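Reader: I have the sequence and the coordinates open. Walk me through the packing, the backbone and the ligand shell.

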Amino acid sequence: MARYELVKRSVALITLTNPPVNALSSAVRHAIAKSMEHALNDPKVSAVVICGENGRFCGGADIREFAGPLRGPPLVPLLDAIEAGEKPVVAAIEGVALGGGFELALVCHYRIAHFKARLGLPEVTLGILPAAGGTQRLPRLIGIPAALELITTGRHISAQEALKLGIVDQVTEQNACEVAVEFALRAVAKPLSSRRVSMLTTPCPPDLDALLEAVTMQVKKKARGVMAPLACIQAVRAAATMPYSKGIKRESELMATLFNSGQARALQYCFFAQRTAGKWTLPSGAQWNNSKPREIRSAAIIGLGTMGRGIVVSLARVGISVIAVESEKKLLETGKQMVIGMLERDAKRRGVSASLNLLKFTLSLQDLKDVDLVIEAVFEDMALKKRVFQELSKVCRPATLLCTNTSGLDVDALAGVTDRPHLVVGMHFFSPAHVMKLLEVVCGPRSSSETIATAMSLGKRMGKVSVAVGNCPGFVGNRMLKPYLDQATFLLEEGATPEQIDKALEDFGFAMGVFRMSDLAGLDVGWRVRKESGLTGPDVDPKNPPRRRQGRRYCPIPDMVCEQGRFGQKTGRGWYMYDKPGGTNAKPDPLIQNLLEMYRSRYGIQPRNISDQEIIERCLFALANEGFRILEDGIAARPEDIDVIYLFGYGFPRHGGGPMFYSSMVGLERVLERLEHYHQAHPDVPHLEPSPLLKKLVACGSPPVQKWREHIKTMHSHL
Ligand SMILES: CCCCCC/C=C/CC(=O)SCCNC(=O)CCNC(=O)[C@H](O)C(C)(C)COP(=O)(O)OP(=O)(O)OC[C@H]1O[C@@H](n2cnc3c(N)ncnc32)[C@H](O)[C@@H]1OP(=O)(O)O
């Protein structure tokens, strides 16, 4: 767990050896304590260097240990003892020094960083705070404003920034360990008192209260309802107003309020869920670590609408040659100008040059004959997409992968019109595609494991969080959205307003309430889908009872909104009104209020007061209920995959963990009881009927999310 050697005759070199990130597990803490004791007591040793094996200093505390009782030596006394020692200790930082790893570096008397190293205190992203002295030492070293920013955001910084801030003493392009050993030898003769960060006086700005207040406001606005950043601010205040001995106690008290909180559990779950999601696996046995992806050097995008443009940018900025295809000259020219503008802005922001030379724009599918992969991003119309896939089959070389960006149509039906169904897969990007991190990789029954591996690996290369899902209408994300949207519109019928529902969801932590999100996405998309599925429009049987379709409750208000040409932000009107088409400042619209009142009086609905609790329960439990069905149907392999989709694609708050984790946190029994209650009140809404899997899990004693898989006996997996 830590290797101890004597180098250059008098330097004790302590190497942390806990792959993959040298986390400070209890065994590692124990080994550090033993090695330090040895080094400090050995008269041959005049200085110490601490480094990490495999070019990684330390990724912080072992997060997996947080779930159980804390064992092994506590970190604070261990770190205090290193700092207080009479022999100089130098941290040789390669790779990462994060969280407890950064705190370990802060107690060393000197810090040498490799130029590619990254440092940071990301604890806040895990729902906790840097509780091994980080909130007390960093402000003393770099001042309150800079420390506050790093601690409340959890941002990783480069070695160069760390040098500028005064966190590290030297940045090197050579082997940081070797440089640190030489540095340590030179440090032997120097006094250590000024190098003990905890002994420094915190440089305190005159307007401390105003600064803390401003940061508090900022944090509350950015991370509504999230506890950890606020606790971080209080801990930093202690560094400014108390001696270290008292400040460290305050840090520990604040940590205690966070450590076992639901938010911390949710955020730590998210950390691992995100990593689990990339590890796709098929019932055939093919999985992420035994299926080789193809190398993709060139790609083509068909359709330069909003999605197509974002996909072109995502591909080009990671060095893939892209041919972009449109059907008309004017559309091609508009798309081209927009893509170039997006790439230039993106390159400027990242301080690199725009990869415009990788782009080619064309009106002819014939130009695609040699590309490695095509992503179709045309209008969401099955007949049109089928024509495109038939054409691609003829034009592209037999080995070209054919992908569709459909947001919910049958990927296998598209595969069926091609000459290579095994090379067809869905790549469902989220809008705007160059910004949103989520990619659903939709595996058709005939998609080969190589095809899936290639789509997953391409997603990763583009910086996406890719999740493999099965093929069914709406896949995972949009399939679950339906019951969620339905509940929101039923609540409108019953007496709520769009603003009230959105506020309840935003207070819960969603980036955007359901109506603001729908306005952003465009209301016409769902309208077209409803018309195609016979729920609205001229094909609906006039004998249908009002507010009922296909044997179940139906709310026609969204159709009525669209009939007025209100398609959301792009038309300047939707569930809200905006200053102009494309405007983003949503204001409640009295016309919507009138529409709701007229609608309710037409159908004799007596509006009632609806509590925020009912809004949250009906929307979120209906959402999770569909998630349980998706697991039963084998459309998602694990609850973590569903949660990752909702975290990265639909703005579900990370401190809630995602719909499935949230259900387990609320208690599956409670979710079941509330769904039964609401289903009894609304028997014509099948989505409120508790799913068999939910019932089964409750009957099995509500196991934790990570164990649900053991209870899912999928008859026929779609993955
Ligand atoms: C003991 C209680 C005392 C409390 C006082 C001290 C408190 C200290 C608080 C902390 O230190 S909290 C931890 C702070 N550190 C982090 O948040 C870092 C988390 N890790 C990362 O950001 C990344 O993993 C990385 C280090 C930048 C490496 O990224 P990379 O993309 O190269 O690899 P990954 O796929 O992310 O990770 C590889 C593998 O390692 C697992 N892992 C990473 N970090 C930790 C960790 N700190 N603890 C446990 N496990 C970790 C990760 O889950 C992957 O494994 P998997 O099996 O594939 O899931």
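**Helix packing, backbone and ligand shell**

Author: In this predicted model, the axes of helix 23 (residues 612-632) and helix 27 cross at roughly 90° and come within 7 Å.

Reader: Is helix 23 roughly parallel or roughly perpendicular to helix 27?

Author: The two axes cross at roughly 90°. Angles of 65 to 115 degrees count as roughly perpendicular. Therefore helix 23 is, relative to helix 27, roughly perpendicular.

Reader: Which residues of helix 27 make the contact?

Author: Helix 23 contributes Asn-625, Phe-628, Leu-631 and Glu-632. The contact residues divide into 5 nonpolar, 1 polar and 1 charged. On the helix 27 side they are Pro-692, Leu-693 and Leu-694.

Reader: Ser-702 is found in the segment after helix 27. Is Ser-702 buried or partly exposed?

Author: The phi of Ser-702 is positive, about 50°, although Ser-702 is not a glycine. Its C-beta neighbours inside 10 Å number 18. Buried needs 20 or more, and exposed needs 12 or fewer. So Ser-702 counts as partly exposed.

Reader: What does UniProt list for the 3-hydroxyacyl-CoA dehydrogenase C-terminal domain?

Author: The name comes from an unreviewed UniProt entry, as "domain: 3-hydroxyacyl-CoA dehydrogenase C-terminal". In the model, residues 474-578 are 51% helix and 6% strand, with end C-alpha atoms 29 Å apart. Residues 615-702 are 67% helix and 0% strand, with end C-alpha atoms 24 Å apart. The record lists residues 474-578 and 615-702.

Reader: Now the backbone. Where is the cis peptide bond that involves Pro-20?

Author: Pro-20 is found in the loop between strand 2 (11-16) and helix 1 (26-41). Omega of the bond is about 5°. The cis bond joins Pro-19 and Pro-20.

Reader: Asn-22 is found in the loop between strand 2 and helix 1. Is Asn-22 buried or exposed?

Author: Asn-22 has a positive phi, near 55°, in a residue other than glycine. A residue is buried with 20 or more other C-beta atoms within 10 Å. Asn-22 has 26 such neighbours, so Asn-22 counts as buried.

Reader: Which residue is joined to Pro-432 by a cis peptide bond?

Author: Pro-432 is found in the loop between strand 15 (424-429) and strand 16 (438-443). The omega of this cis bond is about -5°. The partner is Ser-431.

Reader: Ile-452 is in helix 16 (residues 449-461). Is Ile-452 buried or exposed?

Author: Ile-452 touches Trp-280, Ser-291, Val-425, Val-441, Cys-443, Ser-447 and Ala-468, not counting residues up to four places away in sequence. Inside 10 Å, Ile-452 has 25 C-beta neighbours. The cut-off is 20 or more. Therefore Ile-452 counts as buried.

Reader: What separates the C-alpha atoms of Ile-452 and Trp-288?

Author: Along the chain, Ile-452 and Trp-288 are 164 residues apart. Their C-alpha atoms are separated by 9.1 Å.

Reader: Last, the ligand. Which elements give two or more residues to the shell around the ligand?

Author: The ligand is surrounded by 23 residues, and the closest are Gly-59, Gly-60, Ala-61, Gly-99 and Gly-100. The elements giving two or more residues to this shell are strand 5 (96-98) and helix 11 (262-277).

Reader: How many residues of the shell around the ligand are nonpolar?

Author: The shell also holds 4 polar and 5 charged residues. Gly counts as polar here. The nonpolar residues number 14.

Notes:
Residues numbered from 1 in each chain as written. Predicted model: local features only at pLDDT ≥ 70, side-chain atom pairs only at ≥ 80, totals over all residues. Helix = DSSP H or I, 4+ residues; strand = E, 2+ residues; numbered from the N terminus. Near = placed C-beta within 6 Å. Axes fitted to C-alpha atoms, helices over the stretch in contact; angles between N-to-C directions. Parallel < 35°, antiparallel > 145°, perpendicular 65-115°, else oblique. Contact = placed C-beta atoms within 7 Å. UniProt positions renumbered as here; feature names shortened; annotations may be inferred.
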